[in-house]
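Here are my notes on the model you asked me to look over. I have kept them as numbered points so you can follow along with the coordinates open.

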Amino acid sequence: VTGASFVVFNGALKTSSGFLAKSSIVEDGLMVQITPETMESLRQALRDKKDFKITCGKVDGEGLKEYVDICWVEDEGKTNKG
C-alpha cells in the first residue's frame with residue numbers, strides 16, 4: 001500500500017511496450033501509465049462512480065504484478081484526513 005498526495009493517469013502507453021500498465025512514484029505522488037483503451041474504461045468507471053482496478057506489469061506474466069485500485073467510499077470523513 002502506497003499513500004500519495006496526488007495521482008496522475010497517463011493514457012499514452014503503447015500496447016507494443018509489453019506492459020499492461022506501469023506505476024511509479026513521482027515526487028510525493030503516483031503516476032500510472034495506461035493504454036488509451038484502459039484510459040477510456042477508467043473515465044467511464046469514474047463517470048459511473050464504479051470501482052476500477054488497474055493491473056501493472058508485463059503482458060507475458062513475467063515478474064511481479066502491482067495493482068492500482070480506485071475505490072469509492074461511503075464516508076469520506078474517515079479517509080484522507082490532513
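The points below go from the overall picture to the helix, the strands and then a few single residues.

1. **What kind of model this is.** You are looking at a predicted model, in which local features need pLDDT of at least 70 and side-chain atom pairs count only at pLDDT 80 or more, while totals for chains, interfaces and linings use all residues. Residues are numbered from 1 along each chain as its sequence is written, and side-chain values use heavy atoms, with hydrogens and water left out.

2. **Confidence.** pLDDT is the predictor's own confidence in each residue, on a scale from 0 to 100. The protein chain has a mean of 88, and 89% of its residues reach 70 or more. Among the elements, α1 has the highest mean pLDDT at 96, and strand β2 (residues 19–26) the lowest at 92. As a general caution, predicted coordinates should not be read in detail where pLDDT is low.

3. **The overall layout.** The chain contains one helix and five strands; these are DSSP runs numbered from the N terminus, with helices being H or I over at least four residues and strands E over at least two. Reading from the N terminus, the order is β-β-β-α-β-β. Take contact to mean heavy atoms within 4.5 Å: among contacts between residues at least 6 apart in sequence, 38% join residues at least 24 apart.

4. **Surface and burial.** The protein chain exposes about 6,200 Å², and carbon and sulfur atoms supply 51% of that area; the areas come from the Shrake-Rupley method with a 1.4 Å probe, and for residues only the protein chains shown count as cover. I use buried for under 20% relative accessible area, exposed for over 50% and partly exposed for in between (1.4 Å probe, protein chains only). Buried residues make up 20% of the 82 residues.

5. **The helix.** Does the length of α1 agree with its residue count, or disagree? Helix α1 covers residues 36–47, and at 1.5 Å a residue its 12 residues should span 16 Å; the end C-alpha atoms are 17 Å apart, which agrees. (The expected span is 1.5 Å times one less than the number of residues.)

6. **Its buried side.** Which residues of α1 are buried? They are M39, L42 and A45. Looking down the helix axis, the buried residues fall within an arc of 125°, so they line one face of α1; the arc is that of the directions from the axis to the C-beta atoms. These buried residues pack against β1 (7–10), β3 (29–34), β4 (52–58) and β5 (66–70). On the other side of α1, E37 and R47 are exposed.

7. **How the strands pair.** Two strands count as paired if DSSP finds at least two bridges between them. β2 and β3 are antiparallel, with six bridges, and β4 and β5 are antiparallel, with five. β2 also pairs with β4 in the antiparallel sense, over two bridges. A21 is worth clicking on: A21 stands opposite I34 in β3 and also opposite G57 in β4. Two other pairs to find are F19 opposite K58 in β4, and K53 with its bridge partner D69 in β5.

8. **Two positive phi values.** The hairpin of β2 and β3 has two residues between the strands, and E27 in that turn has a positive phi of about 50°. E27 is exposed, with a relative accessible area of 74%. The other case is K49, just after α1, where phi is positive at about 55° although K49 is not a glycine. K49 lies in the loop between α1 and β4, and at 59% relative accessibility K49 counts as exposed.

9. **Two loop residues to look at.** T35 sits in the loop between β3 and α1. Is T35 buried or exposed? T35 is buried, with a relative accessible area of 8%. Setting aside neighbours within four places in sequence, T35 is in contact with G11, L13, T15 and L20. L64, in the loop between β4 and β5, counts as exposed at 76% relative accessibility. With neighbours within four places again left aside, L64 is in contact with C56 and G57.
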